[in-house]
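Here is a short report on the salt bridges of one protein chain. Keep the structure in view while reading.

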Amino acid sequence: MSTTVETVSAAARTAPAAVIVAIDGPSGTGKSSTSKAVAAQLGLSYLDTGAQYRAITWWMLNNGIDVHDAVEVATAAAKPVIVSGTDPTAPTITVDGEDASGPIRTQEVTSKVSAVSAVPEVRTRITELQRTIAAGAAKGIVVEGRDIGTTVLPDADLKIFLTASPEARAARRSGEVKGSDLAATKEALIKRDAADSGRKTSPLAKADDAVEVDTTELTLQQVIECVVTLVGEKRAAR
């Protein structure tokens, strides 16, 4: 296990309130909304790791990299400078100094991010960045993504895996994008799940020691309260 991961875990144990929380799960389960709200409520930093993969994908597209050419993507993986702000009330992300928070959410990036994030050199680069950010979070941090509990921060104090039915996830995602087609959204989510779960490097998976929370029938507030309670129990057990 890397020194960085051990450092993160050790730092988390030195202050009772400083916990490292890993929240994983597929798209549409409420990961981002839950993670930001929990971090804000508990005074923790926040990191959207998916935004980092979107950011590097956006950079690849803007710089003429063939995102379906793994060799070309691997060669370019170290070039962009990605900086993530960790304030849960106003998270930011820049690429080479340019605000990328809007551009990384386009449909073009969404459709290409799985291909780029499947390249091992990309995952190595972004994983190192994520570990560095977590290690520097003095008050603790909520890190959300798809491989946080299994690969990025396997020694996280608390691991949570959010799930929901494809129908519920599609309805939520369609509600976020005006004019989107529910059936097409569901199909895209299932396709993304297959790509993320099937990749060889750091696939989407539930960690053995993660707490699974099915959000299908829960409101966002109920999910937030559930996670806050789990964090409280973890702090109290120290």
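A salt bridge here is a side-chain nitrogen of Lys or Arg within 4 Å of a carboxyl oxygen of Asp or Glu. The model is predicted: local features need pLDDT of at least 70, side-chain atom pairs count only at pLDDT 80 or more, and totals for chains, interfaces and linings use all residues. Residues are numbered from 1 along each chain as its sequence is written, and side-chain values use heavy atoms, leaving out hydrogens and water.

By this rule, the count is 5 salt bridges. Among them are these pairs:

| Salt bridge | Closest N to O |
|---|---|
| Arginine 123 with aspartate 147 | 3.1 Å |
| Glutamate 167 with lysine 186 | 2.8 Å |
| Glutamate 212 with lysine 206 | 3.3 Å |

Take arginine 123 and aspartate 147, which form a salt bridge. Arginine 123 sits in helix α6 (residues 120-135), and aspartate 147 in the loop between β6 (140-145) and α7 (148-152), so the pair ties together parts 24 residues apart in sequence. Helices (H or I, at least four residues) and strands (E, at least two) are DSSP runs, numbered from the N terminus. Both arginine 123 and aspartate 147 are buried. Buried means under 20% relative accessible area, exposed over 50%, and partly exposed in between (1.4 Å probe, protein chains only).

Glutamate 167 bridges to lysine 186. This pair links distant parts of the chain: glutamate 167 is in helix α8 (residues 166-176) and lysine 186 in helix α9 (residues 182-198), 19 residues apart. Glutamate 167 is partly exposed at 45%. Lysine 186 is partly exposed at 28%.

Glutamate 212 pairs with lysine 206. Glutamate 212 is partly exposed at 45%, and lysine 206 is partly exposed at 37%.
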